[in-house]
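Work through the exercises below with the model open. Try each task before reading its solution.

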Amino acid sequence: MRKRALLVSLGLAVTATLAATAQAGASATAGNVLTTGGAGGTAVAVGDVLSASLSAGTKARIATTAGGSTGITCNTSAFTASVTGNPAAPGTATESVTAHTLSSCTTNIIGATGVQSITVNNLPFVAAVASGGALTVTAGTAGPIQTTLKINTILGLTTCVYRATSLTATPSNTDNSLTFTDQLFSKTSGPGTCPGSGYFSAKYGPVLDTSQAGSPAVFVN
């Protein structure tokens, strides 16, 4: 009986050890929401700065209708964000979007002759990246998500101001990109020559951790 009890005890101990090892292995594999070096790789540190420009061969567009071809096209655009939270996956990482620029823009809006500037106002914004989900951008303490367009027209310079409630992008670990598609901005001020709405689309990537040596690409887990 003693021998059998000892064997049972040893069996239970081995089972418990294997279960604990498996659980630890699963946690290690899951990693953090944001990593470098691959999915489940090295955790991105809080405070690290992430940045990305337009993906090669793409342009940022602000269309007057969803999926439309009339509007503004920008050859250059980039964003910068700092990581404010990066928990274990599954979870939601957070970022502070400190810069977003659009330049080298042209327009085919009727009556417009060129784009003088596009300025993203009220930075920083708040971004949240969910495991297996989307990146959502919402307003920060400085005010709503707002963009000011200065457009040259046949009647002179026109200023158009647009706001969005939130923006959503789809992350991809295939090319470490973020894709915004037809994100709605509504006009809050400007003359009738300003379109009533703007639909923002752009693909940024690769997203890089510029705080680390070699600026490795960032993965979402």
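**Exercise 1. Find what share of the longer-separation contacts join residues at least 24 apart in sequence.**
Step 1: take contacts, meaning heavy atoms within 4.5 Å. Step 2: keep those between residues at least 6 apart in sequence; 62% of them join residues at least 24 apart.

The model is predicted: local features need pLDDT of at least 70, side-chain atom pairs count only at pLDDT 80 or more, and totals for chains, interfaces and linings use all residues. Residues are numbered from 1 along each chain as its sequence is written, and side-chain values use heavy atoms, without hydrogens and water.

**Exercise 2. List the disulfides and give the handedness of each.**
Step 1: search for cysteine sulfur atoms within 2.5 Å of each other, the disulfide cut-off. The whole structure yields 2 disulfides.
Step 2: take C74 and C105, with sulfur atoms 2.0 Å apart. The S-S torsion of C74 and C105 is about 105°, so this disulfide is right-handed.
Step 3: take C160 and C194, S to S 2.0 Å. Their S-S torsion is about -80°, so this disulfide is left-handed.
Step 4: number the bonded cysteines in sequence order; the pairing is 1-2, 3-4.

**Exercise 3. Decide whether C74, C105, C160 and C194 are buried or exposed.**
Step 1: set the cut-offs. Buried is under 20% relative accessible area, exposed over 50%, partly exposed in between (1.4 Å probe, protein chains only).
Step 2: read the values. C74 is at 1%, C105 at 13%, C160 at 1% and C194 at 3%.
Step 3: conclude. C74 is buried, as are C105, C160 and C194.
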